[in-house]
Amino acid sequence: MSTVFDAAMTLAIEQAEKVKGATYPNPPVGAVILDRDGTVVGVGATKPAGQAHAEVVALRRAGELAAGGTAVVTLEPCNHHGKTPPCTEALLAAGVAQVVYAVADPNPVAAGGAARLADAGVQVLTGVQADAVTTGPLREWLHKQRTGRPHVTWKYAASIDGRSAAADGSSQWITSEAARADVHRRRAAADAIVVGTGTVLADDPTLTARLPDGSLADRQPLRVVVGDREISTDAKVLNDDSRTMVIRTHDPAEVLRALSDRTDVILEGGPTLAGAFLRAGAIDRILAYVAPILLGGPITAVGDVGVPNIARALRWRYDTLQQIGPDLLLSLVPN
């Protein structure tokens, strides 16, 4: 059955990815219900806060076919009464014979679901596609549970020689339309996008998430501008497309404190802001969109990161490598 469970977990992961950014403070979870024969009879994902969790959505769609079947879930079913009843009780009421999940719930308030199910006679299997879940839909939420602070991704686009703009300052567009569409998809799932006042003054970005046809995505992240310089009241980042927070500081720790209620934060600032966050050890992932062009010149993707010599280089490891159109997307995490 492992092949069946893997396929079902892949489907559950896809469901979870679709609701990233829309479930806070709950994690984006996906669930699949298999009947006694291993056929998919229900799928679901976490609804917005206060509404049904993934297991309940999938069980509703499966109906009576869930009895004697298997629930495949990206996260251990919760075992506590919050805004909704425990998912463990819904699974037991539906009569499932087996529950398969990828990752244990690290939240002590919600944990214990596996033990509750096992005590009731349900077979429980854990660890199925755990890596795909921890590096996928639950990456940011698990980080927040572990550290208590938002997960910060530094996203930038650069030429193959590490330049973020040509010598005259022009930067539209270094990367392809396909890469830019990927950025907008990630923005729509994020809680906040952070830039410095320098970027606002130089580029006047809107910092919105847009669909391929150019229209605004249904969900927009909070736009965050940090720094001491004043920005124009006509700046696009202050328009009505989304909410905007201005934080008068250069200190990454202060920025993260101001965003402590967020989970998934994308840093899109220029080289100065990126350098400050790197020096502070406040970046948890790098997403580098690298275009196969050469620009030369003085404008690099990152400024001073506090490295005096090669022995003290900030060392990262590749998480994933992906080609998007003609460009490469490099995902890196701290070594």
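## Exercises on two sheets, a pocket and a cavity

In the model above, Thr320 has Ser331 of β13 as its bridge partner. The model is predicted, with local features requiring pLDDT of at least 70 and side-chain atom pairs counted only at pLDDT 80 or more, while totals for chains, interfaces and linings use all residues. Residues are numbered from 1 along each chain as its sequence is written, and side-chain values use heavy atoms, with hydrogens and water left out.

**Exercise 1.** Place the pair Thr320 and Ser331 in its sheet, and state which helix packs on that sheet.

*Solution.* Begin with the strands, which are DSSP runs of E with at least two residues, just as helices are runs of H or I with at least four residues, both numbered from the N terminus. β12 and β13 are paired in the antiparallel sense over 8 bridges; two strands count as paired if DSSP finds at least two bridges between them.

Next, follow the order of the open sheet of 8 strands, which reads β9-β8-β7-β10-β6-β11-β13-β12 and has mixed pairing. At its edges are β9 (244-247) and β12, each of which pairs on one side only. From one strand to the next, the twist averages 20°.

Finally, turn to helix α6 (residues 139-147), which packs on the sheet and touches β6, β10 (264-267), β11, β12 and β13, contact meaning heavy atoms within 4.5 Å. The direction of α6 makes about 135° with that of β6; axes are lines fitted to C-alpha atoms, for helices over the stretch in contact, and angles run from 0 to 180 degrees between N-to-C directions.

**Exercise 2.** Describe the open sheet of 5 strands and explain why one side of β2 and of β5 is left without a neighbour.

*Solution.* The strand order is β2-β1-β3-β4-β5, again with mixed pairing. Because β2 (40-45) and β5 (123-126) stand at the edges with a single partner strand each, one side of each has no neighbour in the sheet. Neighbouring strands here are turned by 15° against each other on average, direction ignored.

The next step is the hairpin of β1 and β2, which has 5 residues between its strands and, in the turn, Gly38 with a positive phi of about 85°. Strand β1 (residues 30-34) pairs with β2 in the antiparallel sense over 5 bridges, and Leu34 stands opposite Val40 in β2. Helix α2 (residues 54-62) lies across β1, β2 and β3 (70-75), running at about 145° to β2.

**Exercise 3.** Characterise the second largest pocket and the largest cavity by volume and lining.

*Solution.* Both are found on a 1 Å grid over the protein atoms alone: a cavity is a set of points where a 1.4 Å probe fits but cannot get out, a pocket is an open set with protein on both sides within 12 Å along at least five of seven lines, and lining residues have an atom within 4 Å of a point. Grid points are joined across faces, edges and corners, and a volume is the space filled by probe spheres set on the points.

The second largest pocket holds about 450 Å³ of space. Of its 22 lining residues, Trp154, Tyr156, Ile286, Val302 and Trp316 lie nearest the centre. The largest share of this lining, 4 residues, comes from β6. By class, the lining divides into 18 nonpolar, 3 polar and 1 charged, where Ala, Val, Leu, Ile, Met, Phe, Trp, Tyr, Cys and Pro count as nonpolar, Asp, Glu, Lys and Arg as charged, and the others, Gly among them, as polar.

The largest cavity has about 140 Å³ of space. Its lining of 16 residues has Gly21, Thr23, Pro28, Asp191 and Thr263 nearest the centre, and comprises 8 nonpolar, 4 polar and 4 charged residues.

**Exercise 4.** Identify the backbone features at Pro25 and Gln129.

*Solution.* Most residues other than glycine have a negative phi, and most peptide bonds are trans. The peptide bond from Tyr24 to Pro25 is cis, with omega near 5°, and Pro25 is found in the loop between α1 (2-18) and β1. Gln129, although not a glycine, has a positive phi of about 55°; its place is in the loop between β5 and α5 (130-134).
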